[in-house]
Amino acid sequence: MVAKIVDLRSDTVTKPTEAMRGAMAIAEVDDDILGRDPSCVRLETEMAKLLGKEAAVFVPSGTMANLISVLVHCDIRGSEVILGHDSHIHIYENGGIATLGGVHPRTVKNNEDGTMDIALIEAAIRDPKGELVYPTTRLICLENTHGNCGGRCLSVEYTDRVGEVAKKHGLKLHIDGARIFNASVALGVPVDRLVQAADSVSVCLSKGLGAPVGSVIVGSNSFISKARRLRKTLGGGMRQVGILCAAALVALQENVEKLESDHKKAKLLADGLNEIKGLRVNTSAVETNMIYVEIEEGSGITASKLCKDLEDYGILLMTLGSSRLRIVFHHQISGSDVEYTLWCFQEAVNGVRNENGK
């Protein structure tokens, strides 16, 4: 047994705070399918207001939030969505948009900063004259922050430009904003301004915000009305859901302001890790709460071995292939946890190198 656990696998691993548990215990609830659960209504109203949209709907997960959003926009089978080749929707959501919605993904290469070239997006839009043989483009999806690109932020200027392209061609724009509040804090741009160009946004409550369960979709009244019906179709309708929404309301009140601290701690650890021989971190790419650690070729270290050795110290990480590690910060990681993690990395790397005679 290790004396200390520092869980850096994801920002989804947080435990409900005492304030969340207290709010859940006394939450005002009702059957949200038969009527409207009052705690859920408060959360949905607050989220719509924060993101500058007309309405919102609470759903069990981020995957469902994105699936519903794509399927509402692409309500005719054979529709096509343009999205990044390294996006969460395309890679990590079971191909649900195709499996359940008959929506065809048309990928555009993600740059290192999470963007897609505007010209490539526009070039990927199908010519309506080819509708006899091509799918019909109806939607563009962005991801902000972009997870597989290291938590990079899409600027408001870039998002606005993509929105202009969408409008020019009569398309809709959806933002997978699982960590949109991280982007807002890092960029210093109000979250409603950051998503102003979007027709819909999904926001995860259980990542950086630290709630135990759920996501929210925001959009127009008509869009959310359709989304609410589709949520029921997919089995996402819940009864006394206010118990979960009460915790999310606490997260909004208490944890948004903690995101800046998460980002600073991530930067501090990234700088330290980059000084360890055999490891490499692109510190300029650490914009929010994610760090990607590259293991240098010829170091004699593998990601799986290093991860296992760190686990013996109580440090929990994710491996990405044989030479890459992912670290994600959240509000339950302290400054002393950062110091301890850096020390453990130094010990573990030196231990592996000594085993290899280097």
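**Exercise 1. A cysteine in a helix**

Does Cys-344 count as buried or exposed, and at what relative accessibility? Work this out for the predicted model shown above, and then describe the surroundings of Cys-344.

*Solution.* Step one is to place the residue: Cys-344 belongs to helix α14, which covers residues 335–355. Step two is to compare its accessibility with the cut-off, and since buried means under 20% relative accessible area, Cys-344 counts as buried because its value is 0%. Step three is to look for the neighbours, leaving out residues up to four places away in sequence, and here Cys-344 touches Leu-310, Tyr-313 and Ile-315. Step four adds a distance, for the C-alpha atoms of Cys-344 and Asp-312 are separated by 9.6 Å, while the two residues stand 32 residues apart along the chain.

**Exercise 2. Two backbone details**

Find which peptide bond from Asn-144 is cis, and state what is notable about the phi of Asn-94.

*Solution.* Begin with the peptide bond that runs from Asn-144 to Thr-145, which is cis and has an omega near 0°. Thr-145 itself sits in the loop between β5 (136–143) and α7 (156–168). Turn next to Asn-94, whose phi is positive, at about 60°, although this residue is not a glycine. Asn-94 is also found in a loop, namely the one between α4 (88–91) and α5 (96–99). To finish, check the accessibility of Asn-94: exposed means over 50%, and so, at 76% relative accessibility, Asn-94 counts as exposed.

**Exercise 3. Where two domains meet**

Describe the contact between domain 1 and domain 2, starting from how many residues each domain brings to the contact.

*Solution.* First set the bounds, with domain 1 running over 18–255 and domain 2 over 258–356. The contact takes 17 residues from domain 1 and 11 residues from domain 2. The C-alpha centres of the two domains lie 30 Å apart.

Second, consider the area, which is about 1400 Å² buried between domain 1 and domain 2, with carbon and sulfur atoms giving 50% of this area. Of the area that domain 1 buries against domain 2, Arg-152, Asn-182 and Asn-255 supply 34%, which is more than any other three residues.

Third, count the polar links between the domains: there are 6 residue pairs in polar contact, both residues of a pair being at pLDDT 80 or more. On the side of domain 1 that touches domain 2, the largest share, 4 residues, comes from helix α8 (residues 180–187). The residues of that side divide into 5 nonpolar, 9 polar and 3 charged. Across the interface of domain 1 and domain 2 there is also 1 salt bridge. Arg-152 forms a salt bridge with Glu-287, and the closest N and O atoms of this pair are 3.0 Å apart.

Fourth, take a close look at Asn-182, which lies in helix α8. Asn-182 is buried, because its relative accessible area is 3%. When its neighbours within four places in sequence are left aside, Asn-182 is in contact with Thr-145, Gly-208, Leu-259, His-263, Thr-288 and Asn-289.

**Exercise 4. Reading salt bridges**

How many salt bridges does the structure hold? Examine some of them, and for each one decide whether its partners are buried or partly exposed.

*Solution.* The structure holds 16 salt bridges, and three of the pairs are treated here in turn.

Take first Asp-7 and Arg-9, whose side chains meet at 2.6 Å, N to O. Asp-7 counts as buried because its relative accessibility is 11%, whereas Arg-9, at 34%, counts as partly exposed.

Take next Glu-44 and Arg-36, a salt bridge in which the closest N and O atoms are 2.5 Å apart. Here Glu-44 is buried, with 3% relative accessibility, and Arg-36 is partly exposed, with 41%.

Take last Arg-324 and Glu-294, which meet in a salt bridge at 2.8 Å, N to O. This pair links distant parts of the chain, since Arg-324 lies in strand β13 (residues 324–328) and Glu-294 in strand β10 (residues 290–295), 30 residues apart. Arg-324 is partly exposed at 27% relative accessible area, and Glu-294 is partly exposed at 22%.

A closing step looks for shared partners, and such salt bridges join Arg-36, Glu-44 and Arg-228 into one network.

Note on methods: Residues numbered from 1 in each chain as written. Predicted model: local features only at pLDDT ≥ 70, side-chain atom pairs only at ≥ 80, totals over all residues. Heavy atoms only, no water. Helix = DSSP H or I, 4+ residues; strand = E, 2+ residues; numbered from the N terminus. Buried < 20%, exposed > 50% of the residue type's maximum accessible area, 1.4 Å probe, protein only. Contact = heavy atoms within 4.5 Å. Domains from an automatic or database assignment. Buried area = accessible area lost by both parts, 1.4 Å probe. Salt bridge = Lys/Arg side-chain N within 4 Å of Asp/Glu carboxyl O. Polar contact = N/O pair within 3.5 Å; in protein donor to acceptor, adjacent residues only side chain to side chain. Nonpolar A, V, L, I, M, F, W, Y, C, P; charged D, E, K, R; others polar.
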